[in-house]
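User: I'd like to go through the contacts in this one, piece by piece. Can you take my questions as they come?

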Amino acid sequence: MTELNYAAPDSLDAAVGMLADAGAGARILAGGTDVLVLLHGDLIEPELIVDIKNIPELTEISVEDGAWRIGAAASGMKLMDHEDFAAAWPGVIEGVALIGSVQVKGRASVGGNLCNASPAADSVPPLIAAGAMANIAGPGGKRDLPVEDVITGPGQTALEAGEMVVSFTFPKRPPHSGDCYLRLTPRTEMDIAVVGAAVNLTLDDGGTCTAARVSLGAVAPTPLLVEDAAAALIGTSVDDAALDALAAAASAACDPIDDKRGTIAYRIKTAGVMTRRAAETALDRARRN
Amino acid sequence: MPKAHVTTTINGDAYEVLCEPGQTLVDVIRNGLGLTGTKEGCSTGDCGACSVMLDGELVCSCLVLAVEADGKSIDTIEGMAEGEDELHPLQRNFLELNGLQCGICTPGILIAARALLERNPDPTETEIRFWLAGNLCRCTGYDKVIRSVQAAAEEMREA
Amino acid sequence: MASILENSGFNPDKELKIVGTNPVKQDGPDKVTGRAKFGADLILPGMLFGKILRSPHPHAVLKSIDTSKAEALPGVKAVVTRDDFPELPPGTPGGDLSRNVMAREKVFYDGHPVAAVAATSEPVAKRALKLIEVEHEVLPHVIDPVEAMQPGAPILHDHLRTKGVEGAEDTPTNIVERLDLAMGDTDAGFAEADVIVEREYDSKPMHQGYIEPQGCVADCNEDDQIEVWCCTQGTHVFRDRLADILRLDSSRIKVMQSEMGGGFGGKTGFYGEPLAIVLSKKARRPVKIVLTRNEVFRCTGPVSGTRSRIKMGCTKDGKIVAAEAELIFQTGAFTGSMFFNAPHAMFTRYALENIKTTAWEVVSNRPKVNAFRAPCVPQIVFGVEAIVTELANKIGMDELDFRLKNAATEGYTTLYGATFGPIGFVETLEASKETDHYRSPVKPGEGRGVAAGFWFNRGGDTTGSLTITPDGSVNIMLGTSDVAGSRVSISMMAAEELGVPLEKVRANFADTSAIGNNRVTAGSRTTFSSGMVIVDSARKAIDTMVERAAEIWGVSPEEVTFEDGHCRPASANVGDFEPLSIKDIASRTSVSHGAIAGHSEMNVTGEGPGFGVHIVDLKVDRGTGRVDVTRYTVIEDAGKAIHPLQVEGQYQGGAVQGVGWALNEEYIYRADGTLDNPSFLDYRMPVASDVPMIDTVIVEVPNPNHPYGLRGVGEVPVVPTLAAIGNAIGDAIGIRPQSLPMSPPKLLELMDGDETRAAAE
């Protein structure tokens, strides 16, 4: 029977050192909304819990020349309450807003949502669609990884032993850009996504789509970046035909499972529907920016 | 098991407690300190019965380790009424409008609703419903819960 | 004097001062301040924490259980298994109950208890569970009730033989009982029909979903006197059944009720209590057991899943001429579903002459079901009211008019043999027609559904007492449970009888040693029945006060009347006496003559059936199958609303529970027979943002058998919900679903299937 210890380092170096020393026996505690459920459900038995919320850069939100950086352990409520960030990336905030209840979002972080590595994590598709980078620190130093490359399978990440996500950086947004995240759940709140769809697009002055990124959650072992779906929009005025092609490409990209939250057929069908709706809102936002 | 020493303030009173590193805040509040007004309905953050304020943030105390509360300030239902018999307007309106039936979800709902009204003194029905979506109630169908919050908000705005 | 059961003294013209108002309930202040003590809130000196080891298999022989390592763990004070319980014969009520709380020969469902530990802390108890070694011989399992009925299905209980089927004596089976009920001649009835609709329906188990997990503390003292504190809907039933399975005298067990954080029927039976008792007896210390939410879902009472085939016919002028049904109920691993309620209630509200029903109860490898508001009825009414609406649509009649034309009235004799007294179904339907909701057009893109429901309401064994203190204030003592505010309603009736302000009346809950038997608080019986015995007690106390006033004045009791809280001379001829208040009498005579009290125990009869109509508007998302309920109205006959706000609360809460059951709530099993969704995350009960305000109309057609005319309002509010929502979805998408829950994937498939069919035509 292992003994559990708790540490709350106040510097990144200290945290990385502790994680490296403890190896597989360590778990990072950010918001704790996944880790504590696993711990008390006897699904994990760590020897060390490293609370990273006392490390300043983990919870900061900043912007430099239009490019945002958010700390990986910043709580969902802190992000939602940050009016400028919320105005810049409404789709990301839509994902954050769906992570859980107000109580859960008072603790849960985007970093935790990503590193829990659920295919259904609500904040991940909009981060992928945004083109966000995960800034990682570890015993070997710092590195950046596109968010879509962090999750490698259900519960699995590309992080190496002792590594942790410190923050996320977002690209500077061109004019006429908009994003949106929509998720499908039976209830309005407190559910895990059956399908999640994020669309981020940019228009030129004439209204033609010049760039797009589309990401889907809960329809495959990992959240997907769907390039075919983005291609369906780029070069079009995002008209009905383009949206139909987008929906078809989104459905075609799905590789879901049957589970208690949805069937394969249902997920494939609704992935197209939800992606189309997300694109319509993203388009509306882009036109107004 | 190594025990951790935690110093915390609950409803303005200082507490010191020894707890296991894995123990949740709700466990320590209820079983360690005997403050049983905070309820535990699911232990997974899905019902909101254990809602408390942790340094001003609305949280589920089943999703917080007690050791995390070291040096922090906690507000629970036991501290909601002011003084001996001055109920908070939310408490009074829940009583008068029958915003509670069995009462098990009530402490969590009151704590969550107070946090809402402190941020937003004039919430719409939809805002109240979404803010309280993390607080399950099985008795009332939510109707009188929402009406009680609305009435309290109105009263507090006029005060 | 005639018993209150023969003459309730109901007077429709009586001017009421307290009944019908909305005072704050006495338990409210403690509940808004966190002081109320629920099942898990009791802390006793020396108390240990109990945890339960549960089977990971749905069906297995328990070969051996080795607890030695757990017992050796420091801090562990007791470990118990089947060997610590008396062996009762299988297939008897006690034998089944005993085996449900602690597995004996076999485990029958995922989560079935196999051992329990008491330790100095919960973490230690949890660690000890992991040290218990259990050897299982895993057996094939069966989850679905129809599969469980087939020849060759895995047999749960070797002793089980089907009741109600001739020649079944020799064959082990999973079919507990076949129940046939009929009246009239359905063949002749259907022959008269111009339109016949016959459909099949299915439903999944749903959970009562109370937010308070079961919690208890048991303390067995050195004289083997046992005290149990718990959240229960029936202290006396708990006591008697605990005594039965522990082979003890009932007088050795004192059950005390905590505040109860929701029950809805699910707390009419016990789970952790007997284990806590046996652990306490072994450890010689108090033991607390609080179930986790996971345990609540896996091991405590869901409701029965069902299959049904229902057939009804009507003439083109709108008379329902015959109805037939075949019903299958899964009861979980042990009998006890109360499935008979369904044939009794499913058609009851329509004045049918020709009915034939066959109902089956079947065991399978699931937790034993427990009661839930109107047990076994809503999921069957789902089909009945769908067909009623379809019949009305087919003959082109307004569906409320169709229901009105067929509505049962006073004098109708039901399938279960009762003849209705004054009932309010017609009034409820008429009130429904008058609602703004029904008179408003359906919004574009939405659908509207209507359905009606019935519940018997119940009486039964009830005991209560009332004491006037020397200062004139009043204590009442109840032995039923307060599930949502009965104590204030009962106190209000006592205050009304005695003519004292409500603040003068305090309600208390007696433990089982302090008051006579009370049936469980269930079936919408408590405010009715406990109200009856408390009114009876108050009247007995009034009789005593009248006698004492007569003695003070030197007149005969017949010359004294009691009104408005005072004894007064019955007429001017009696003499010129100042009225005597309750306090005057109590303070002057209690010392010389003893306390003034009333006491009443009876098998309460005279319950008044309840009827309700639900109207719902909703939208169905064509792209996803999601349903958004936009407007909801409940119209129901309360007889008399003692505390109208609480009655509304019953209507609203029932409706929203039904919304959850209709749309999303279901038990989902993995192929290995384990429950896949034992959490609030995946067992999807409605949250605040899922529902609109629920409008209510309280109809009051008094039940003259009750002193204040009340009927009972706990069950009916959930009966029509599933059907009303199904009918609204049918109206919105053109196809009426036949499978519960009507979840988004099912609705999308229905809609897309319809498009495919339309395209092919």
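User: How many residue pairs are in polar contact between domain 1 of chain C and domain 2 of chain C?
Analyst: In this predicted model, seven residue pairs are in polar contact between domain 1 of chain C and domain 2 of chain C, with both residues at pLDDT 80 or more.

User: And which elements of chain C give two or more residues to the domain 1 side of that contact?
Analyst: They are α15 (486-498) and α16 (526-553) of chain C, each of which gives two or more residues to the side of domain 1 that touches domain 2. By class, that side of domain 1 of chain C holds eight nonpolar residues, six polar ones and three charged ones.

User: With charged residues there, how many salt bridges between domain 1 and domain 2 of chain C?
Analyst: The count between domain 1 of chain C and domain 2 of chain C is zero salt bridges.

User: Where do the two domains of chain C run in the sequence?
Analyst: Domain 1 of chain C is made of 28-36 + 463-604, and domain 2 of chain C is made of 377-457 + 608-760. Their contact takes 17 residues from domain 1 of chain C and 17 residues from domain 2 of chain C.

User: What area do they bury, and how far apart are the C-alpha centres?
Analyst: Domain 1 and domain 2 of chain C bury about 1,200 Å² between them, with 61% of that on carbon and sulfur atoms, while their C-alpha centres lie 39 Å apart.

User: Switching to chain A and chain C: how many salt bridges there?
Analyst: Between chain A and chain C the count is eight salt bridges. One of the pairs is C:D682 with A:K260, whose closest N and O atoms are 3.4 Å apart.

User: Which element of chain A gives the largest share of the side that touches chain C?
Analyst: Helix α12 (residues 264-288) of chain A gives the largest share of that side, with six residues. The side of chain A that touches chain C divides into eight nonpolar, four polar and nine charged residues.

User: What about polar contacts between chain A and chain C?
Analyst: There are 15 residue pairs in polar contact between chain A and chain C, again with both residues at pLDDT 80 or more.

User: How much area is buried there, and which residues of chain A lose the most?
Analyst: About 2,100 Å² is buried between chain A and chain C, and carbon and sulfur atoms give 53% of it. On the chain A side, A:P186, A:R187 and A:K260 lose the most area to chain C, and together they account for 33% of what that side buries. In terms of residues, 21 from chain A are in contact with 24 from chain C.

User: OK, now chain B and chain C. What's the residue count on each side?
Analyst: That contact takes 48 residues from chain B and 55 residues from chain C. The area buried between chain B and chain C is about 4,100 Å², with carbon and sulfur atoms giving 60% of it.

User: And salt bridges and polar contacts, how many of each?
Analyst: Five salt bridges are found across the interface of chain B and chain C, including one where the side chains of B:R30 and C:D41 meet at 2.7 Å, N to O. The same interface has 22 residue pairs in polar contact, both residues being at pLDDT 80 or more.

User: Which element gives the most to the chain B side?
Analyst: α5(B) gives the most to the side of chain B that touches chain C, with five residues. By class, that side of chain B has 22 nonpolar, 13 polar and 13 charged residues.

Definitions and conventions
Residues are numbered from 1 along each chain as its sequence is written. Chains are lettered from A and ligands numbered from 1 in the order in which they are written. This is a predicted model: local features need pLDDT of at least 70, side-chain atom pairs count only at pLDDT 80 or more; totals for chains, interfaces and linings use all residues. Side-chain values use heavy atoms; hydrogens and water are left out. Domain bounds come from an automatic or database domain assignment. Contact means heavy atoms within 4.5 Å. Buried area is the accessible area (1.4 Å probe) that two parts lose on being put together, summed over both. A salt bridge is a side-chain nitrogen of Lys or Arg within 4 Å of a carboxyl oxygen of Asp or Glu. A polar contact is a pair of N or O atoms within 3.5 Å; within protein, one must be able to donate a hydrogen and the other to accept it, and residues adjacent in sequence count only if both atoms are side-chain atoms. Helices (H or I, at least four residues) and strands (E, at least two) are DSSP runs, numbered from the N terminus. Ala, Val, Leu, Ile, Met, Phe, Trp, Tyr, Cys and Pro count as nonpolar, Asp, Glu, Lys and Arg as charged, and the others, Gly among them, as polar.
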